[in-house]
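Where do the charged side chains of this chain pair up, and where do they fail to? Follow the walk below with the model open.

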Amino acid sequence: MREQERGGGSGGREGRREGGREGRREGGREGRREGGREGRQELPPQSPEEQARAICLRLLTGMPRTRRQLADALDKRGIPEEVSQEVLSRFEEVGLIDDAAFAGAWVESRHRGRGLARRALAQELRTKGVHATLVQEALEQLDSDQEEQTARELVERKLRATRGLERDKRIRRLAGMLARKGYPEGMALRVVRRALEQEGVDEGADADDDGPGYSGF
C-alpha cells in the first residue's frame with residue numbers, strides 16, 4: 001500500500017514537473033511571438049504622391065532627367081497621370097527638373113565627347129521629350145564654324161586608317177562617318193576632300209624635303 005502511495009506520489013510529482021516545464025515553454029514561445037508582433041509595427045502604405053516623389057528622387061540621383069523621361073517612368077510604375085503631373089510640376093518649381101539646362105549640357109557633352117553635329121543632337125533631344133523651342137535654344141551654342149572644325153578633327157583622326165584605299169572609297173567612307181554623326185552632306189564632302197588634298201600636299205612636301213638631302217651623296 002505504501003509502495004503504491006509512493007509510486008502514485010512519484011508519478012504525481014513527475015507529472016507536475018513535466019506540466020510545469022511544458023507550460024513554461026509554451027508560455028515563453030507565446031510571449032516571444034506576442035512581443036515580436038508588438039515590436040514589428042507595420043508602416044502605413046505610401047500614397048501615390050509619396051511613391052511618385054520617391055521614384056523621381058531615385059532616378060534623379062543617378063543622372064539628370066527630362067520631365068518626359070520621369071513621366072514615362074511613373075506611368076510604367078502605375079502612378080496615376082494627375083498625380084504624376086502634380087509631382088513633376090512641383091519638381092520643376094524647385095529646380096529639380098530643368099529641361100533647358102538638360103538640353104544645354106547634353107549638346108555640349110555629346111558634341112565634345114562624340115563629335116555629334118546639330119542634326120544628330122536635335123534628334124537625341126527630341127527622343128528624350130525636350131520641347132522643340134528648348135532644343136533650338138540649346139543648339140545655338142554650336143555655330144557652323146565650330147561644327148565644321150569638329151568635322152575636320154574627326155576626319156583627321158580617321159584619315160590614316162583609310163590609306164591604301166582608292167580615293168573614291170576613302171571619300172565615301174569618311175563622308176559616311178560624318179553623315180552618321182549628323183553632319184550635312186555638303187559639309188562632309190567638303191571637309192573630306194580638303195583633308196585628302198592637304199594630305200597630298202603634305203606628302204609632296206615630304207618628298208621634296210627628301211630630295212635635297214640626297215644630293216650631296
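The structure, a predicted model, holds 10 salt bridges. Start with a local one. R90 and E93 meet through their side chains, with N and O 3.1 Å apart. Both sit in helix α4, residues 81-93. They are 3 residues apart, so about one helical turn separates them. R90 is partly exposed, at 48% relative accessible area. E93 reaches 59% and counts as exposed, because the cut-off is over 50%.

Now take a bridge between helices. E148 and R190 form a salt bridge at 2.9 Å, N to O. This pair links distant parts of the chain: E148 belongs to helix α8 and R190 to helix α10 (residues 185-213), 42 residues apart. E148 is buried, with 13% relative accessibility. R190 is partly exposed, at 37%.

Helix α10 also carries E199, which pairs with R170 of helix α9 (residues 167-180). The two residues are 29 apart in sequence, so their pair ties together separate parts of the chain. Their closest N and O atoms are 2.9 Å apart. R170 is buried, at 9% relative accessibility. E199 is buried too, at 8%. Some bridges share partners: E148, R152, R190 and R194 are joined in one network this way.

Which charged residue is buried yet has no salt bridge? D99 is the case to look at. The nearest side chain of opposite charge is R67, 7.0 Å away. A salt bridge needs N and O within 4 Å, so that distance is no bridge. D99 lies in helix α5, residues 99-114. Beyond its neighbours within four places in sequence, D99 contacts R65, T66, R67, G129, V130 and L134.

Stay in helix α5 for the aromatic rings. The count comes to 1 aromatic pair. The rings are those of F102 and W106, with centres 5.7 Å apart and planes at 15°, so the pair is stacked. Both residues lie in helix α5, 4 residues apart, about one turn of the helix. F102 is buried, at 10% relative accessible area. W106 is partly exposed, at 22%, because buried means under 20%.

Finish in a loop. E140 is found between α7 (132-139) and α8 (144-159). Is E140 buried or exposed? Its relative accessible area is 58%, so E140 is exposed. The C-alpha atoms of E140 and V107 are separated by 9.7 Å, while the residues are 33 apart along the chain.

Key:
Residues are numbered from 1 along each chain as its sequence is written. This is a predicted model: local features need pLDDT of at least 70, side-chain atom pairs count only at pLDDT 80 or more; totals for chains, interfaces and linings use all residues. Side-chain values use heavy atoms; hydrogens and water are left out. Buried means under 20% relative accessible area, exposed over 50%, partly exposed in between (1.4 Å probe, protein chains only). Lys and Arg count as positive and Asp and Glu as negative; His and the chain ends are not counted. Contact means heavy atoms within 4.5 Å. Rings of Phe, Tyr and Trp (its six-membered ring) pair if their centres lie within 6.5 Å; planes under 30 degrees apart count as stacked, over 60 as edge-to-face and the rest as tilted.
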